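Visitor: I would like to learn how to read aromatic ring pairs. Please take me through them step by step.

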Amino acid sequence: MSLSIELHWHRDSAAFEPGAYSAEHTVRYNDHNEVLVDAAPDWGGKIENTNPEQALASALSSCHMMTFLALCAKAGWPVASYHDYAEAHLGKNPKGQMAVTRIDLNPVIRFDTGFSVDEPTLKEMQHRAHRYCFLANTLADFVEVNIL
């Protein structure tokens with residue numbers, strides 16, 4: 001299976017020197033969904049644009065949620081809503097290079113009225129979702145993932 005995006009950038013100034021050009025670009029998904037992407041604000045990007053570190057946190061959060069929902073549906077847990085606040089943290093990796101070193105997920109799950117599950121069982125389901133999430137498995141050797 002191959003999944004793809006289309007990325008487009010063009011220089012919008014005469015100068016092409018460090019700090020003198022914009023990194024703003026578009027990423028297109030499925031030939032119609034476009035997202036403006038830029039460097040993180042600390043690296044000169046516009047705060048209103050998505051940055052790659054946010055996109056990575058978003059992708060992990062989304063993958064985790066979809067895996068969690070699939071496991072809950074299989075277990076007969078009637079999930080009514082799922083909300084997450086994911087945060088990517090930059091730092092130096094073991095090679096001394098700048099990298100996303102940690103991503104924190106903060107899922108809040110609501111179930112249908114009348115259904116409840118105790119905290120340890122819910123935490124175990126979150127850990128199962130983490131173990132089966134494709135992106136978590138991709139990042140496993142490089143990025144610490146915390147489910148808070």
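**Aromatic pairs**

Guide: Seven aromatic pairs are counted here, where rings of Phe, Tyr and Trp (its six-membered ring) pair if their centres lie within 6.5 Å; planes under 30 degrees apart count as stacked, over 60 as edge-to-face and the rest as tilted. The model is predicted: local features need pLDDT of at least 70, side-chain atom pairs pLDDT 80 or more, while totals for chains, interfaces and linings use all residues. Residues are numbered from 1 along each chain as its sequence is written, and side-chain values use heavy atoms, with hydrogens and water left out.

Visitor: Why is the pair of F68 and Y82 called tilted or stacked?

Guide: A pair of aromatic rings is described by the distance of the centres and the angle of the planes. For F68 and Y82 the centres are 5.7 Å apart and the planes at 55°, so this pair is tilted. F68 lies in helix α1 (residues 52–75) and Y82 in strand β4 (residues 79–83), 14 residues apart, so the pair links distant parts of the chain. Helices (H or I, at least four residues) and strands (E, at least two) are DSSP runs, numbered from the N terminus.

Visitor: Are F68 and Y82 buried or exposed?

Guide: Buried means under 20% relative accessible area, exposed over 50%, partly exposed in between (1.4 Å probe, protein chains only). F68 is buried at 0%, and Y82 is buried at 16%.

Visitor: What about the rings of F111 and F115?

Guide: Their centres are 5.1 Å apart and their planes at 55°, so the pair is tilted. F111 is buried at 16% relative accessibility; F115, at 28%, is partly exposed.
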